[in-house]
Amino acid sequence: MSQTHFRTCHLCEAMCGLAITVHEGQIREIRGDPDDPFSRGHICPKGAAIGELRDDPDRLETPLIRGRDGRLRPATWEEALDLVARRIGQIQVEHGHDAVAIYLGNPTVHNHGALLFSQAFTRTLRTRNRYDANSLDANPRLLACTLLYGDPTALPVPDIDRTDYLLMIGANPAASNGSLLSMGDVKGRLKGIKARGGRFVVVDPRRTETADWATEHVFIRPGSDTAFLMALIHVLFDEKRVRVDVAVAEGVEHVRAAAAPYTPEAVATLTGISAETTRRIATEFASSASAVAYGRVGACLQEYGTVTSWAIDVLNVLTGNFDREGGLLFPEAPIDLGVLARRLSVAGYGRWRSRVRGLPELTGLLPVATLPDEIETPGAGQVRGLVVVAGNPVRSAPNSARFEKAFSSLDFLVCIDPYVGETARLAHVVLPPTDALERPHMAILLQSLAVRNIARYSEAVFPKKPGSKHDWEILAELGDRLGGLRFGHKAVDRIVALATRAGVPLTPERLLDVLLRLGPYGAGFIPFRKGLTLERLKADKHGKDLGPLRPGGRLRRVRHPNHRVQLAPPEILAELERLLGTLETPRDALSLIGRRHVRSNNSWLHNVPSLMKGKDRTALWIHPNDAAARGIATGDTVEITSAVGTVTSRAELTDSIMAGVVSLPHGYGHAIVKDTLRVAGRSDAPNLNALTDARRLDHLSGTAALNGIAVTVTRSASESVTA
Ligand SMILES: Nc1nc2c(c(=O)[nH]1)N[C@H]1C(S)=C(S)[C@@H](COP(=O)(O)OP(=O)(O)OC[C@H]3O[C@@H](n4cnc5c(=O)[nH]c(N)nc54)[C@H](O)[C@@H]3O)O[C@H]1N2
Ligand SMILES: Nc1nc2c(c(=O)[nH]1)N[C@H]1C(S)=C(S)[C@@H](COP(=O)(O)OP(=O)(O)OC[C@H]3O[C@@H](n4cnc5c(=O)[nH]c(N)nc54)[C@H](O)[C@@H]3O)O[C@H]1N2
Ligand code: SF4
Ligand SMILES: [Mo]
């Protein structure tokens with residue numbers, strides 16, 4: 001008998017509805033669910049391959065412990081969990097709480113059990129050395145929103161379905177399927193802009209797959225976006241196109257003054273964009289019936305990432321497109337994470353600083369780029385133990401060699417991970433969780449970033465295998481051994497303790513039910529009252545459409561006095577001063593940027609055979625002029641050298657990349673794990689982060705500037721390619 005399960009895909013932010021047909025315990029077919037109101041039947045190759053992750057023979061089935069011979073050997077859960085708790089306890093007793101650090105990787109975002117329980121586990125450790133993948137990704141935007149709106153969870157999204165003009169800066173949703181912006185059916189939605197007569201302009205050093213759906217593509221030099229955006233803002237003031245209600249925002253005059261020196265002419269050399277193009281884009285943006293600017297990884301992972309993210313939102317506010325249909329809107333998700341974040345004191349910036357480099361915390365987490373400094377620098381608070389939950393910093397963070405060396409020197413490293421990848425390879429203990437299809441799924445975070453208000457909860461497709469544990473169970477059991485999980489909020493912790501004693505222990509599902517009941521569509525705790533509860537949501541197999549985004553979110557989400565947007569935070573103005581001094585900096589070196597492909601996902605989907613098929617997609621892309629100047633032809637082996645390392649790659653000539661810019665895919669460098677990731681290990685693609693530099697950070701947020709790396713590229717004498 002076959003059965004079809006409907007489920008939200010957990011692999012990326014698009015939240016596609018999948019229809020998974022299972023026959024006798026095996027997946028027979030995976031299709032897009034045409035009845036999913038959000039994704040409308042859309043699916044990508046990763047969603048179709050989701051079952052291969054569960055069946056992967058390299059997936060761990062038992063915990064691993066490093067033996068005296070230095071090898072990882074299978075162990076029982078009791079043995080492994082006891083050991084982890086004992087070692088963490090010992091290190092903290094001897095050296096203090098901060099001597100144990102924790103790093104939360106990207107997949108925790110797509111796993112509500114891990115997301116909620118890692119919050120509690122982090123607090124249980126009572127360490128200030130907490131890090132997450134946002135400091136390799138979204139923190140510039142989170143900080144910009146903290147400064148503008150007073151809350152890192154106040155993240156408005158572009159109203160893609162209704163806008164007349166989309167200005168997209170450093171994002172490639174055709175490959176990534178969107179980020180900090182959840183939009184099922186990405187292609188349909190983005191192509192829809194042009195189809196309804198709107199404009200869609202992509203600003204990117206590469207003419208991307210997304211640019212093919214746009215009405216215009218503009219090349220920009222990596223890292224120069226702030227200058228470009230300030231020039232757009234300059235033109236708005238210059239041409240008297242600023243339309244902002246004083247009740248909505250304050251600081252307009254400071255922005256005017258700050259933008260004054262940034263004439264389109266002054267920034268043209270730095271950006272590579274002609275003054276004429278800059279003026280035209282500003283004018284067209286401001287005169288569209290509605291318009292919205294949006295930026296993502298390309299905008300964030302640069303030295304002025306926070307200012308760039310700020311300027312993007314400022315452009316929206318100054319043109320009257322903030323909190324308005326067709327512009328920027330705050331979603332109303334079924335679970336209000338803002339409330340939770342405030343209760344748990346997540347919201348905040350600079351409340352403490354990292355010990356060695358003095359980098360600020362944001363949302364209670366420190367920039368991971370400095371973790372090796374914290375491990376290698378002696379003194380009180382030196383990190384000696386590390387817990388990695390669903391992360392691979394040895395590939396995802398800048399300067400991999402440094403991470404590898406620092407992690408190898410740890411007294412104790414535990415990874416909660418289904419694979420022995422580049423980071424887990426260095427661990428003393430590896431704790432493997434169940435596969436995603438063996439657990440229920442609710443994309444609680446992404447529903448707060450969606451272009452329509454939606455709610456969806458999916459049941460597990462398969463029962464979990466006997467003796468296996470979900471991520472949250474692993475975290476809960478470790479928490480128990482360390483004296484009990486705690487959220488660090490007195491009332492919450494008391495309720496959890498009382499309930500546990502009464503035989504109702506905390507589970508992700510119980511927490512979801514409470515959060516849904518308390519949310520904006522919730523039933524509360526009054527029996528028979530209308531509204532969402534977990535049970536009721538379960539009945540909606542294809543998900544629940546809660547309607548289009550609505551204006552008015554400013555009053556709910558902006559936390560500054562009178563709900564007014566603060567356009568001119570002093571931190572930002574100071575950065576703009578600093579930037580002014582660099583406008584004339586000559587750039588001789590080639591500038592290296594990363595890229596994503598739809599069949600890949602950060603560093604960990606390369607072990608899926610069907611996704612690795614097809615022609616090689618990992619070459620160094622280089623413009624024909626730059627190649628000619630170096631005697632390089634397509635297929636040649638080249639050496640790429642930065643301030644921190646050298647890698648070899650094949651070269652591929654393409655005019656889809658701007659002259660002066662080269663590109664490598666991010667997330668590779670698997671040759672070193674060829675015995676434990678046997679499919680991924682066959683790829684000889686180099687590791688991009690062997691070249692990135694942990695010293696190059698966005699000043700305000702401490703986020704690694706992983707793009708725009710100065711490199712030299714030379715034709716290699718030898719023909720062998722190594723990772
Ligand atoms: N140069 C460069 N570097 C980058 C980027 C870039 O564009 N350029 N992008 C950055 C970005 S945006 C991000 S988000 C980071 C990501 O950085 P990380 O989160 O550190 O790395 P991932 O590659 O996502 O690795 C995820 C790990 O989690 C494991 N995993 C997968 N599913 C689960 C699960 O359900 N439970 C558990 N416990 N483990 C699981 C995988 O096996 C893998 O080891 O990388 C960043 N690094
Ligand atoms: N298939 C796939 N999907 C993914 C992922 C994946 O690895 N693979 N990763 C997921 C994650 S964790 C994230 S955060 C999102 C990221 O989602 P996106 O940000 O949409 O993805 P990227 O492909 O990194 O797009 C960044 C774009 O910025 C450009 N760029 C680089 N430097 C600059 C610059 O200085 N200025 C400008 N203007 N542009 C620049 C790049 O050429 C690239 O086109 O994708 C998510 N989805
Ligand atoms: S686009 Fe993202 S959510 Fe949709 S099927 Fe692909 S990986 Fe899954
Ligand atoms: Mo990311």
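# Tour: ligand site, loops and ring pairs

Start by selecting Phe 285, a buried residue with a relative accessible area of 2%. Keep Phe 285 labelled; the tour returns to its ring. Note that everything on screen belongs to a predicted model.

**Stop 1: ligand 1**

Select ligand 1 and show its surroundings. How many residues surround ligand 1? The shell holds 29 residues. The closest are Tyr 103, Asn 106, Ser 396, Asp 417 and Ser 603. Colour the shell by residue class: 14 nonpolar, ten polar and five charged.

Now pick out the polar atoms. Go to the backbone of Asn 106, where an N or O atom lies 2.6 Å from an oxygen atom of ligand 1. Move to His 666: an N or O atom of its side chain is 3.5 Å from a nitrogen atom of the ligand. Then choose Asn 689. A polar atom in its side chain is 2.8 Å from a nitrogen atom of ligand 1. Switch on the surface here. On its own, ligand 1 exposes 920 Å², and the protein buries 96% of that.

**Stop 2: Ser 600**

Select Ser 600, in the loop between β23 (590-595) and α24 (609-612). Is Ser 600 buried or exposed? Its relative accessible area is 13%, so Ser 600 is buried. Draw a line from its side chain to that of His 606: the two make a polar contact of 2.8 Å. Leaving aside residues up to four places away in sequence, Ser 600 touches Lys 46, His 606 and Tyr 668.

**Stop 3: two positive phi angles**

Open a Ramachandran plot for this stop. Most residues other than glycine have a negative phi. Here are two with positive values.

Select Ala 390 first. Its phi is near 55°. Ala 390 sits in the loop between β17 (385-389) and α16 (393-396). Its relative accessible area of 17% makes it a buried residue.

Next, select Asn 399, with phi near 60°. Its loop runs between α16 and α17 (400-408). Asn 399 counts as buried, because its relative accessibility is 14% and the cut-off for buried is under 20%.

**Stop 4: ring pairs**

Hide the loops and show aromatic side chains. The whole structure has six aromatic pairs. Zoom to one of them, Phe 117 with Trp 472. The ring centres are 5.1 Å apart and the planes meet at 50°, a tilted pair. Which parts of the chain does the pair link? Phe 117 belongs to helix α4 (residues 112-125) and Trp 472 to helix α18 (residues 471-481), 355 residues apart. Phe 117 is buried at 1% relative accessibility. Trp 472 also counts as buried, at 18%.

Go back to Phe 285 and add Tyr 165. Why is this pair edge-to-face? The ring centres are 5.4 Å apart and the planes stand at 75°, and planes over 60 degrees apart count as edge-to-face. This pair too links distant parts of the chain: Tyr 165 is in strand β9 (residues 165-169), Phe 285 in helix α11 (residues 275-287), and 120 residues separate them. Tyr 165 is buried, with a relative accessible area of 0%.

For the last view, select Tyr 149, Phe 322 and Phe 330. Ring pairs link these residues into a cluster.

Definitions and conventions:
Residues numbered from 1 in each chain as written. Chains lettered and ligands numbered in written order. Predicted model: local features only at pLDDT ≥ 70, side-chain atom pairs only at ≥ 80, totals over all residues. Heavy atoms only, no water. Near = heavy atom within 4 Å. Polar contact = N/O pair within 3.5 Å; in protein donor to acceptor, adjacent residues only side chain to side chain. Areas by Shrake-Rupley, 256 points an atom, 1.4 Å probe, with all protein chains shown as cover. Nonpolar A, V, L, I, M, F, W, Y, C, P; charged D, E, K, R; others polar. Helix = DSSP H or I, 4+ residues; strand = E, 2+ residues; numbered from the N terminus. Buried < 20%, exposed > 50% of the residue type's maximum accessible area, 1.4 Å probe, protein only. Contact = heavy atoms within 4.5 Å. Phe/Tyr/Trp six-rings, centres within 6.5 Å; stacked < 30°, edge-to-face > 60°.
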